[in-house]
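Open the model in your viewer and keep the selection panel at hand. The stops below go from the whole chain to single residues.

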Amino acid sequence: MVFLYIFVLNICLLCRCAGSPPNFVLLFADDLGFGDLGSYGHPSSLTPNLDRLAAGGLRFTDFYCTSPVCSPSRASLLTGRYQTRSGIYPGVLYPGSIGGLPLNETTIAEVLKPLGYATAIIGKWHLGLGAKGMYLPTKQGFDQYLGIPYSHDMGPCWNLTCFPPDVKCFGTCDVGTVTVPLMHNEVIKQQPVNFLELEQTYRDFAINFITTSVKRKDPFFLYYPSHHTHYPQYAGSIAAGKSLRGPFGDALLEFDNTIGNLLTTLENTGVINNTLVFFTSDNGPELMRMSRGGNAGPLKCGKGTTYEGGMREPAIAYWPGTIRPGVTHEMASTLDILPTIANLAGAKLPQVMLDGVDMTEILVHQGKSKRETMMFYPINPSEMYGLFALRLGKYKAHFFTQGAAHSATTPDQDCPAFAVLKAHDPPLIFDLESDPSENYHLPVNERPDLQALLERIKKVKEQFEATMVFGESQISKGTDPNLAPCCNPQCSPKPSCCHC
């Protein structure tokens, strides 16, 4: 039976190469923890559509992002390269950032465009605006864009409504800058954005994009980096008050509802069996927000740290008729999505150093991963310190550890910001199969049998760092308040007059 299934899958893939290229829907949650979904063990998350993906698709247990914060993680996802190569470090981009994802970097959308793919993004870009919108998605291979160009907390929100009928957003968010705008391509359509209607606006746009692409017989790539479940949470009337987890659960449910609408659209247009749907998250949960910040499950710490809770993510691949339902323990990463999509579409890879590997063998045959290692850079990577941690097979070595404000409020004293930078020589080594919580480091000095492992880890680290050329830091270029998006650019006084 297994042989027959694999044979049929190979025939299907060959037919797609000769006929209609596959479509791709890439769903990217924001600050969602490893333990936030019911399919990953949360007892009260209400996500029927993500549950459907998990039940009918392939669920990863060892899937990683490349950074414990937003912008660098997104850069790696779209380029298949560690953020240090593209210069999206240290930290994240802001409304007035001068830099952005360099235009000589090749995104998934740019890989697919030569093959005639229609490309669109809805949601959180967070890879820069720059002067005259030079870094927006429409300059990076996307035909259409509808969304907020950065994190939705990067603007004053204390007087904005996040839940019906008029529940104000939790906290103040960033002050002293413009309110967050909703942009269509390169034009501001609304400022500040209406959070109660935002998800429906995205939903309608995405459904129209899929429907139109199918009618035109264009293969398509839809990228949806959601704002959910990042602080401050929000939800419209369909999801508000409907979950068991309060504001966080309502925001997650709203995202899940949109995923359900997209699946229904793929079914109604007849392309569900020719579409790879891939879901994951940008980084771990922001534990400092407590019940509003998400859950890392059994993993250590969360957002902002290079512990497992900061960078191991839920991930699900769904493709009826091609991907068998199941669970894989193979190591994989957001870096691997670009080369995988390129292979499935028959596209050429960018002629640059790629850090991603093709996951097709895992997806189609539930086979072995080509990835043997995963590298862990902190929020503020530097050539002086290099890698903070490295995973080789089932072992993870920490050369440096440091807490983060994003992971405050937990009982674990290694997580908050007062857990200062600490070097480890020899590195702290954990067996992630028996100790995924990174509680018990192996006694390297007392175990001669671990010396060979330690030497191999050091060699892998040395070889990798020899290939790492740090790109010019885009974030270190600083900010210019005049670059912050304003729907009425000639108005005064700014930023308060930017309202339309």
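The tour starts with the overall fold, moves to the main sheet and ends at a surface patch.

**Whole chain.** Select everything. This is a predicted model. Colouring by secondary structure should bring up 11 helices and 16 strands. The radius of gyration is 22 Å, close to the 23 Å that the globule rule gives for 500 residues, so the protein is as compact as a globular protein of that length. Along the principal axes, the C-alpha atoms fill a box of roughly 70 × 55 × 45 Å. Of the 500 residues, 61% count as buried.

**The ten-stranded sheet.** Next, select the strands of the open sheet, which has 10 of them in the order 8-7-4-3-9-1-10-11-2-12, with mixed pairing. Look for the edges at strand 8 (187-190) and strand 12 (326-333), each of which pairs on one side only. From one strand to the next the twist averages 15°.

**Inside that sheet.** Select residues 23-29 and 220-225, that is, strand 1 and strand 9. These two run parallel and are joined by five bridges. To find the register, display Leu-27, which stands opposite Tyr-224 in strand 9.

**Strands 13 to 15.** Move on to 373-376 and 389-392, which are strand 13 and strand 14. The two pair in the antiparallel sense over four bridges, and Thr-373 has Leu-392 of strand 14 as its bridge partner. Now add residues 395-401, strand 15, which runs antiparallel to strand 14 and is joined to it by four bridges. Here Leu-392 stands opposite Tyr-395. Leu-392 thus has a partner in strand 13 and another in strand 15.

Zoom in on the turn. Strand 14 and strand 15 form a hairpin with two residues between them, and Gly-393 in this turn has a positive phi of about 60°.

**Side chains of strand 14.** Which way do the side chains of strand 14 point? Ala-389 and Arg-391 point one way, while Leu-390 and Leu-392 point the other way. In a regular strand the side chains alternate between the two faces of the sheet. All four of these residues in strand 14 are buried.

**The loop before strand 14.** Finally, select Tyr-385, in the loop between strand 13 and strand 14. Is this residue buried, partly exposed or exposed? Tyr-385 counts as partly exposed because its relative accessibility is 33%. Add Met-384 and Leu-421 and show the surface: with Tyr-385 they form a nonpolar patch, with about 300 Å² of accessible area together.

Key
Residues are numbered from 1 along each chain as its sequence is written. This is a predicted model: local features need pLDDT of at least 70, side-chain atom pairs count only at pLDDT 80 or more; totals for chains, interfaces and linings use all residues. Side-chain values use heavy atoms; hydrogens and water are left out. Patches are made of residues with over 30% relative accessible area and no salt bridge: like charges are joined within 9 Å, nonpolar side chains (Val, Leu, Ile, Met, Phe, Trp, Tyr) within 5 Å. Accessible areas come from the Shrake-Rupley method with a 1.4 Å probe; for residues, only the protein chains shown count as cover. A salt bridge is a side-chain nitrogen of Lys or Arg within 4 Å of a carboxyl oxygen of Asp or Glu. Buried means under 20% relative accessible area, exposed over 50%, partly exposed in between (1.4 Å probe, protein chains only). Two strands pair if DSSP finds at least two bridges between them. Axes are lines fitted to C-alpha atoms, for helices over the stretch in contact, and angles run from 0 to 180 degrees between N-to-C directions. The radius of gyration is taken over C-alpha atoms; the globule rule is 2.2 Å times the number of residues to the power 0.38.
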